[in-house]
Amino acid sequence: MDMTSAAAAPAKTDQATTSSVKSSNTKISGIKAPDIKAANAKTLGVKAPGATARPGRSAAPPAEPESLPESPSATRRGPAAAPTAPIAPTAPIAPTMMALRAHSRGGPEKLVRERVPRPVPAAGEALVKVRAAAITFAELGWDLSWTRLDGSDRTPVIPAHEVSGLVAELGPGARGVAVGDAVYGLVDFDRDGAAAEYVTVWAGDLARRPRTVDDAEAAALPLAALTAFQALVDHAVLAPGERALVLGGAGGVGVYGVQVAAGLGAWVAATGSAADAEFVRALGAHEFFDYTTDDLERSGAQFDVVLDAAGATELERVYPLVRPGGRLVTLAAPPPAEDADHHGVAVIFFIVRPDHDQLAHLARLVDEGRIRPVVARTFPLAEGRAAFESATGPRLPGKTVLTVG
Ligand SMILES: NC(=O)c1ccc[n+]([C@@H]2O[C@H](COP(=O)([O-])OP(=O)(O)OC[C@H]3O[C@@H](n4cnc5c(N)ncnc54)[C@H](OP(=O)(O)O)[C@@H]3O)[C@@H](O)[C@H]2O)c1
């Protein structure tokens with residue numbers, strides 16, 4: 001997928017491409033992946049089975065959600081085996097809402113704030129009253145932002161796929177959360193996002209939001225932190241003591257890439273603009289390189305794992321930074337398969353997926369002070385277009401968030 005251009009964007013959200021001399025799921029440098037996961041489990045409190053055994057969308061249900069012990073266990077998508085009646089909201093919810101929408105493909109100029117029908121939760125879904133929603137600057141260029149999974153057009157669309165808010169209503173059979181729960185989550189890319197007063201989400205994809213941060217900070221986590229976590233834990237299987245490089249360490253994903261890599265016990269270097277150097281070091285980077293200079297490429301440094309969270313990086317310049325047999329995780333587009341063979345490294349491309357267990361785990365890490373949400377800037381929903389347009393101006397580290405409720 002080329003997440004920077006609509007043409008090459010993904011057809012599915014459940015997708016991982018691994019081109020490698022040695023698959024990241026097999027033996028790498030004499031260390032078996034499960035062994036590394038066990039080591040990770042010790043350092044960042046990663047639950048190794050959860051990290052390895054997260055089911056696909058239609059596979060068996062995941063383990064019972066740990067963070068919601070009072071709730072029933074099912075987090076499976078779609079109608080549950082024994083549907084329960086919808087839970088009535090305590091007060092009627094208006095049938096319309098304000099939302100940011102685009103009626104045709106394009107950039108921020110297509111976004112309009114307007115009154116639209118409020119979504120109604122279908123079987124297995126929760127209606128969430130949005131308090132805050134984070135945007136990803138590149139998302140208007142992703143094919144899935146405009147289509148259903150079958151590729152058909154679904155305009156008009158609502159952007160922003162990271163949400164923090166309150167469960168307002170449950171569809172039939174929705175389990176794992178209750179009306180009134182303060183939750184956060186990643187909204188699937190092939191459906192309307194959270195730049196609105198309400199959004200419907202698969203209930204099993206939601207988790208209790210961290211208690212110690214506000215809604216804007218909670219909304220800055222789901223897509224970006226899950227991407228970093230899945231990249232480094234599930235795909236790169238980063239081990240304690242390894243050398244990791246995060247390209248774009250001050251970006252929406254990069255700020256979590258640095259923190260997760262450091263939390264896993266890796267030695268971490270990051271790239272970014274010079275102005276962000278101190279901030280990124282404070283997140284856990286041991287070394288920082290200004291990407292506007294060539295000092296990293298000239299240094300001859302090599303890393304066990306490179307996470308390319310910079311977006312438009314030329315991969316030809318990245319391969320020499322990966323040690324022979326090392327792992328490169330790239331997020332913008334799947335590279336040609338022959339690249340990996342040519343350079344003798346494992347190259348992994350994947351698309352982040354919602355994951356209740358990982359979100360619950362991230363919430364715990366945030367509440368323990370081990371992961372810090374990073375909000376670059378907030379905009380009210382009414383200024384949603386300006387929020388997307390701010391990509392081209394001076395940027396602060398982290399995510400840009402729309403405040404709603
Ligand atoms: N596959 C997936 O599931 C997935 C999920 C999320 C995101 N993504 C993709 O991941 C990429 C990053 O997303 P994001 O939301 O984190 O973007 P972002 O917030 O715009 O961050 C990008 C960061 O990279 C820096 N940067 C730009 N050019 C660079 C270069 N040549 N070398 C090093 N750093 C550079 C930027 O710094 P300055 O602002 O200082 O230039 C910025 O801090 C995008 O391509 C996005 O589409 C993919």
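The shell of residues around the ligand comprises 15 nonpolar residues, eight polar ones and one charged one. This description rests on a predicted model. In that model, 24 residues surround the ligand, and the structure also holds one aromatic pair.

**Ligand surroundings**

- The residues closest to the ligand are Gly252, Val253, Ser273, Tyr291 and Val352.
- Ser273 places a polar side-chain atom 2.4 Å from an oxygen atom of the ligand.
- For Tyr291, a polar side-chain atom lies 2.5 Å from a ligand oxygen atom.
- Gly252 takes part through its backbone, where a polar atom is 2.8 Å from an oxygen atom of the ligand.
- The ligand taken alone exposes 930 Å², and the protein buries 84% of that area.

**Aromatic pair**

- A pair of aromatic rings is described by the distance of the centres and the angle of the planes.
- The ring centres of Trp142 and Phe189 are 5.1 Å apart and their planes stand at 90 degrees, so the pair is edge-to-face, given that planes over 60 degrees apart count as such.
- The pair links distant parts of the chain, with its two residues 47 residues apart.
- Trp142 belongs to the loop between strand S4 (125-135) and strand S5 (162-170), whereas Phe189 belongs to the loop between strand S6 (182-186) and strand S7 (198-202).

**Burial of the paired residues**

- Trp142 has a relative accessible area of 6% and is therefore buried, the cut-off being under 20%.
- Phe189 also counts as buried, because its relative accessibility is 3%.

Terms used:
Residues numbered from 1 in each chain as written. Predicted model: local features only at pLDDT ≥ 70, side-chain atom pairs only at ≥ 80, totals over all residues. Heavy atoms only, no water. Near = heavy atom within 4 Å. Polar contact = N/O pair within 3.5 Å; in protein donor to acceptor, adjacent residues only side chain to side chain. Areas by Shrake-Rupley, 256 points an atom, 1.4 Å probe, with all protein chains shown as cover. Nonpolar A, V, L, I, M, F, W, Y, C, P; charged D, E, K, R; others polar. Phe/Tyr/Trp six-rings, centres within 6.5 Å; stacked < 30°, edge-to-face > 60°. Helix = DSSP H or I, 4+ residues; strand = E, 2+ residues; numbered from the N terminus. Buried < 20%, exposed > 50% of the residue type's maximum accessible area, 1.4 Å probe, protein only.
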